[in-house]
Every structure is written in structure tokens, then in C-alpha cells.
Amino acid sequence: MEIVTTIRHEVLTLPAARLGPDNPLPALRPLDEMHRIEDRDKKDLPRDMARQIGHAPLHSLLPVAVRDGYDRDRAPRSLDALVIENDRLRATVLPALGGRIASLVHKPTGRELLYVNPVFQPANFALNGAWFSGGIEWNIGATGHTTLSCSPLHAARVPAPDGGEMLRLWEWERLRDLPFQVDLWLPDGSDFLHVGVRIRNPHERPTPTYWWSNIAVPEECRVLAPAEEAYLPHCLNGVGGAPIGCEQRLRRVPVPEYDGADRTYPPNSTYAADYFYEVPERRRRWIAALDADGRGLVQTSTDTLRGRKLFVWGRGPGGRSWQQWLTEPGTGGYCEIQAGLARTQLEHVSLEPESEVSWLEAYGPFEAPRDGEWGAVLGEAETRLEGVLPRADVDAAYTAWLPYADTEPGERLAAGSGWGALEVLRAGWKLPGTPFEENPLGEEQQPWLRLLRAGAFPEPPDSRPPGGTLVARHWRDMLETAPATGLTEYHLGVAQWHGGDRAQAVRSWERGLAQDGPSWPVLRCLAVADREERHPERAADRYVLAFDDLCREAGETGDGTAGEWTAVVAALGREAVEALLAVGRTADARSVWERLAPATRERGRFRLIEAGLLLAEGRQTEARAVFDAGFEVADLREGDEVIGRLWARLTDEPLPERYDFRMRTTP
């Protein structure tokens with residue numbers, strides 16, 4: 001049989017914003033976790049769900065950096081893509097952006113099966129910041145959009161079970177220290193893209209594991225999933241989408257109708273909402289989105305991928321604002337249909353030591369009557385799904401794929417990070433099918449390779465700011481036995497802080513102050529520790545000292561000679577101004593503000609900070625003028641109502657639409 005599946009490079013050119021540099025300061029503050037359930041609210045949940053909700057929730061981003069250097073200045077830019085296609089389907093993959101499937105086209109009909117974003121616009125939705133909408137994304141790590149949303153994955157050709165080729169994507173997920181792979185396979189003549197996924201735990205301890213495949217589809221649809229009930233997270237201090245830090249309860253609601261409307265039609269929701277479908281234990285796992293003509297996309301899988309979910313933005317002003325923020329005004333909106341390892345995204349499952357979990361998903365075109373009585377609609381849809389892709393065929397495809405998961409990759413098509421290579425060098429792990437070779441080791445990994453091989457942490461070249469810190473216990477142990485330098489004490493303190501030993505972290509940073517070298521890195525860490533321990537005045541003092549020392553190091557103008565200095569001055573300046581305003585030290589805050597680079601002060605986030613500073617100084621008219629002139633906070637966090645709160649301090653007027661990103665009825 002002739003195999004016609006092909007894989008090729010392609011370049012996409014579209015309006016795209018710049019990603020910019022990562023935040024160079026370690027993320028010491030706890031996550032703004034939106035998905036937490038109090039123990040008292042778990043008693044009515046199924047026992048396994050309650051246990052998994054409480055299982056090792058993520059409290060820190062470390063060792064991952066915050067990605068907040070992007071902007072909203074879109075211009076035509078090129079994105080590298082890999083296209084895998086047969087005579088029926090064409091999938092376009094972005095290996096440098098988390099391996100996202102940007103487009104999935106059914107060739108015989110010319111139909112696009114996904115919501116395709118016409119722009120690349122990062123926004124603050126990933127756990128670590130930068131994320132973009134559209135297509136199919138692979139979420140691994142912890143509750144939320146993966147930290148790899150805008151990061152490169154390794155990619156290569158590998159043999160497929162039918163004798164053709166597969167496209168393999170793989171990387172090292174750093175929050176949980178787990179390698180994973182995604183194999184894209186188009187069987188000859190198939191209308192369905194097969195996706196084999198494997199997550200491995202090479203450690204000698206159980207590891208919390210999380211996975212959700214998120215599929216963006218046009219919101220003018222009806223979503224079908226084999227469920228009569230769903231779990232709906234409900235914010236205790238508001239309605240609809242959750243603000244940052246919101247306590248939630250899981251409410252069991254009927255499907256399809258709830259609160260007077262059929263919620264399987266996304267346009268029927270006013271506010272953002274998550275519907276986690278309760279798929280019965282032995283029922284086939286699938287979810288579909290169908291347009292008014294009953295055409296659309298279906299996703300199904302082997303039973304390991306248990307959960308199914310619908311996310312809607314809602315028709316309220318906040319949801320509309322976010323949709324336009326993520327794309328361009330005038331383009332159609334989208335919703336997401338999703339599939340995960342657990343029933344809800346509040347849960348993490350445990351992956352046993354030296355074990356793995358794997359499954360197979362299938363994506364393809366689907367036609368079925370979408371309107372009518374729910375049970376009849378589901379019954380007809382399941383009959384049609386069985387006709388075009390029998391459940392047994394999905395299981396057989398998984399069985400056929402699994403032996404090929406260990407096949408060594410052939411031609412390399414894209415390169416990911418060097419973090420997996422560093423961990424494999426350290427531990428000597430053998431990971432067939434996902435080689436993490438030494439040649440991808442880059443500048444970020446070099447100091448840690450030196451620590452691994454020589455037992456000492458080197459000083460950064462050219463007096464650069466310190467790079468990122470590795471915080472796993474084995475790296476912390478190496479730092480504890482390395483010669484004590486200011487930089488070593490700084491990194492050791494960050495690792496101890498991440499490990500929960502905050503008192504020892506403070507002692508390490510205080511020892512670092514007595515060493516040679518710049519003091520601003522440890523002063524900033526000590527300032528964060530003071531804020532967390534509710535010593536705001538002392539934190540403000542240390543922020544002033546840290547910013548003064550940094551400006552001396554970077555050059556008194558504050559913008560230095562390299563982009564990394566500009567980024568660190570901006571990041572520390574932002575924290576310092578906020579800490580100083582919190583204790584009423586407006587003169588010191590103004591002093592920090594004036595030393596920021598002019599280009600930094602023009603960024604939307606800093607225009608918002610300026611408005612707050614002017615208001616604190618009693619210059620209300622000038623603060624209002626900042627709003628009237630207009631600004632865009634590129635890294636505004638989903639659920640963050642800081643703009644609305646500041647506006648309310650300025651005036652009783654309604655919040656202008658351009659600033660209204662509220663996701664609930666009350667601020």
C-alpha cells in the first residue's frame with residue numbers, strides 16, 4: 001500500500017506581537033491561584049475527585065520564569081510551522097509555540113475544523129504569563145495553561161505504525177520535572193488525526209500529573225458530550241468568571257439546561273464559565289462542536305483521557321473585551337472543548353515512580369443533528385461517531401501506536417530547550433523515544449552544568465544579572481555543598497524558599513549580603529520575604545536599597561547597555577513602586593519612577609502604575625488624564641480587576657468599555 005502522509009516545513013506570516021524578554025526576577029510570590037476548593041466544600045464530591053483536588057496543588061512557578069515582556073505592537077512576522085497531511089486532513093503545527101496545532105483542515109470539503117486566530121497576540125493566561133488563543137494546545141504541569149504555551153518543543157520525524165511517518169513533539173516539563181511526548185499520526189486515507197500522548201515519571205517518588213487538551217472552536221455552535229450532569233465552579237464572592245484569588249465551590253448542575261437556559265449553546269451564557277461534564281464510567285469518551293448545519297469537529301479518545309469540558313467566555317462586556325484582546329475586533333468569537341486526565345481541572349492525578357501514562361486521541365470532521373431533545377441528540381451522535389470511527393478502532397490504533405512510542409526519532413525538525421538534557425545528564429536516565437541530548441544545552445544551562453561537574457557555581461560573564469534558579473532537591477543539595485559566594489547564596493536561598501524553608505532562605509540571603517558582588521538580587525529577595533511576612537515598611541526600605549544598587553550596576557540612567565538590564569530594572573522598579581505606594585512613601589516611589597527608562601514608562605502596565613502614583617500624590621486630574629489618553633496593559637491577568645478598582649477611586653463614572661475586562665457581575 002502506498003503511504004501518502006507527508007511532513008514539511010512551512011512559514012506562516014501574520015500580524016504578531018513580540019514576545020520580548022522573560023522577567024529576570026525569580027517568581028517568589030505565591031501563584032494567584034483561581035482554582036482552590038476549601039476542605040469543607042469537598043464533602044459532597046465523589047471521593048476520588050475530593051482526593052485529587054487536594055493532591056499536591058502547585059504553589060510556586062519556580063524554576064520557571066514569568067513571561068511578561070510581550071507587547072501589543074503587532075506587525076507582519078514569520079512563524080515556523082510544520083505541516084503533516086494525508087489526502088484527507090492537513091494539520092499545521094507551531095513547534096516554537098508549545099507545539100500548538102494552529103489549523104486542522106478537512107481537505108475534501110475545504111472546511112477548517114478549529115478556531116484559527118488570525119493574529120499572534122500573547123496575553124497573561126498561562127501559569128507563567130504569555131499565552132495565545134486558537135487551535136489545539138497541550139496543557140501539562142498544573143491547573144491552568146501550561147508554562148510551555150509560548151516555548152519551543154523538540155520535533156522530529158518518526159515511523160508510524162502503518163509504515164508512514166509521524167510527527168513527534170517532546171519536551172521536559174519543569175514544574176513537575178516530567179518528560180512528555182505528543183505523536184501526530186495521520187493513517188493513510190483517514191479523516192481523523194491520531195494523537196498519541198505519553199507522560200513519564202522517571203523519579204523514585206510519585207509525582208502529581210496534569211493534562212488537558214484544549215480545542216478552540218467557533219462559539220456559534222452547540223457542544224455535545226455524553227453527560228446528563230456537569231460540575232460548575234462557582235465563585236463565592238461573585239457570579240460567573242472567577243477573579244484572582246477567588247474561593248470556589250463545585251456545583252453539580254444539569255445538562256443541557258441550567259438556570260433557565262440551554263448552556264450547551266455557548267452564546268446562551270452571559271459570563272465566563274467552565275462546565276466539567278460527568279461522563280458515566282463505561283460510556284465512550286468524546287466531545288463535539290457543531291454549527292447550525294450540524295457540521296463541526298469531534299474529539300474522542302481511549303478511556304484514560306477521562307474528562308470533558310466546555311469553556312465559554314460569555315456574552316457579557318468582559319468576555320467580549322477579552323475575545324477582542326486576544327485577536328482582532330470584528331473576528332468571530334470562540335469557545336473551547338477540552339479533554340483531560342481527571343474529571344475537572346482542579347485535580348491532579350498521581351503518577352507512580354518509574355511509570356508512565358499514555359492514551360490516544362482522535363480529531364476529525366463530524367456531522368450530526370445538533371438540535372432537539374438531549375438524549376435523542378446524543379444517541380444519534382454516538383451512533384454516527386461509531387459509524388465513522390468505531391470505539392474499537394480507537395483502541396486498536398492505540399495498541400498499534402504504543403510500541404512505536406519508544407522508536408528513536410529520525411530527522412530533527414525543531415529544537416526545544418536544554419533542560420531535559422541537563423536532567424538526563426544528572427540522573428543518567430534512559431528515555432527511549434524522547435532523547436534529551438547534550439547538544440541542545442544552551443547558555444541558561446551552562447552554570448548548572450558547571451555546578452554538576454565541578455561542584456561550584458560560576459559567576460555570570462560580563463557582570464550580567466543572575467540567571468534562573470533550579471530548585472529541585474538535588475540541585476539544592478549541590479548548592480548547599482558548593483563554595484559559598486554571593487551568587488551561590490542567592491540561588492540557594494531561592495531553592496530553600498521554594499522548598500518551604502523560608503527561615504533558612506532568609507539566612508542564606510543575609511549571608512549573601514556579606515559576600516562580594518552586587519547586593520540587589522538578595523535585597524530584592526529579602527524584600528519579598530518581608531512582604532510575605534507582613535513587614536511592609538522593612539520591605540519598602542529594602543526595595544529602595546535594591547533599586548539604588550541595581551541602578552549603579554546597570555548605569556545610572558536605568559536602561560543600561562543591554563536588553564537584559566532594561567528588563568531587570570523595569571521588573572524591580574515595578575515591584576519597588578508598588579511596595580512603596582503600599583506604605584504611603586510617594587516621594588520614594590516617584591524617585592524610582594523617574595529612574596525608569598522612558599520606553600519602560602510608556603508601556604501600558606507602567607502607565608497604569610503612573611496613574612496610581614499620581615493619584616497617591618493627590619494629582620487626581622493628571623491621573624484621570626492618563627486614562628483619557630488611553631493605554632493597554634499587555635500583561636493584564638485574567639480575573640485581575642486592578643484597572644476597575646483604580647478607576648473607581650478616580651470617579652463614579654462607569655468604567656469605559658476599553659478598560660472593562662471584568663468577568664463577573666460585581667467588581
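**Exercise 1. Thr5**

In this predicted model, the side chain of Thr5 reaches the backbone oxygen of one residue. Find which residue that is, and describe the surroundings of Thr5.

Solution.
1. The partner is Leu186, whose backbone oxygen lies 2.8 Å from the side chain of Thr5.
2. Thr5 belongs to the segment that precedes strand 1 (6-16).
3. Apart from neighbours within four places in sequence, the contacts of Thr5 are Ile84, Glu85, Asn86, Glu165 and Leu186. Leu186 is thus in this list and also supplies the backbone oxygen.
4. The relative accessible area of Thr5 is 9%. Buried means under 20%, so Thr5 is buried.

**Exercise 2. Strand 9**

Decide how many residues of strand 9 (residues 136-140) are buried, and state which way they point.

Solution.
1. Five of the five residues of strand 9 are buried, and the strand is described as mostly covered.
2. Ile136, Trp138 and Ile140 point one way from strand 9, while Glu137 and Asn139 point the other way.
3. In a regular strand, side chains alternate between the two faces of the sheet.
4. Strand 9 is joined to strand 15 (residues 211-218) by five bridges, and the two run antiparallel.
5. Asn139 has Trp212 as its bridge partner in strand 15.

**Exercise 3. Helix 13**

Name the buried residues listed for helix 13 (residues 586-594), and work out where they sit around the axis.

Solution.
1. The residues are Ala589, Arg590, Val592 and Trp593.
2. Because they cover an arc of only 160° around the axis, they lie on the same side of helix 13.

**Exercise 4. Cysteines**

Give the count of disulfides, and explain why Cys551 has no such bond.

Solution.
1. The count is zero disulfides.
2. A disulfide needs two cysteine sulfur atoms within 2.5 Å.
3. For Cys551 the closest cysteine sulfur is that of Cys525, at 17 Å, which is too far for a bond.
4. Cys551 is buried, at 0% relative accessible area. Cys150 is buried too, with a relative accessibility of 3%.

**Exercise 5. Salt bridges**

State how many salt bridges are counted. Then place three pairs in the chain: Arg29 with Glu532, Glu382 with Arg283, and Arg574 with Glu578.

Solution.
1. Side chains of opposite charge can pair when their charged atoms come close. The count here is 62 salt bridges.
2. Arg29 and Glu532 meet at 2.5 Å, N to O. Arg29 is in the loop between strand 1 and strand 2 (36-37) and Glu532 is in helix 10 (residues 520-532), so this pair ties together parts 503 residues apart in sequence. Arg29 is partly exposed at 39% relative accessible area, and Glu532 is partly exposed at 21%.
3. In the pair of Glu382 and Arg283, the closest N and O atoms are 3.0 Å apart. Glu382 sits in helix 3 (residues 374-388) and Arg283 in the loop between strand 21 (273-277) and strand 22 (286-290), so parts 99 residues apart in sequence are tied together. Both count as partly exposed, Glu382 at 21% and Arg283 at 25%.
4. Arg574 and Glu578 have their closest N and O atoms 3.7 Å apart. Both lie in helix 12 (residues 563-582), four residues apart, which is about one turn of the helix. Glu578 is partly exposed, with a relative accessible area of 33%.
5. Shared partners also join salt bridges into one network made of Asp48, Glu278, Glu281, Arg306 and Arg343.

Note on methods
Residues are numbered from 1 along each chain as its sequence is written. This is a predicted model: local features need pLDDT of at least 70, side-chain atom pairs count only at pLDDT 80 or more; totals for chains, interfaces and linings use all residues. Side-chain values use heavy atoms; hydrogens and water are left out. Buried means under 20% relative accessible area, exposed over 50%, partly exposed in between (1.4 Å probe, protein chains only). A polar contact is a pair of N or O atoms within 3.5 Å; within protein, one must be able to donate a hydrogen and the other to accept it, and residues adjacent in sequence count only if both atoms are side-chain atoms. Contact means heavy atoms within 4.5 Å. The arc is that of the directions from the helix axis to the C-beta atoms. A salt bridge is a side-chain nitrogen of Lys or Arg within 4 Å of a carboxyl oxygen of Asp or Glu. Two strands pair if DSSP finds at least two bridges between them.
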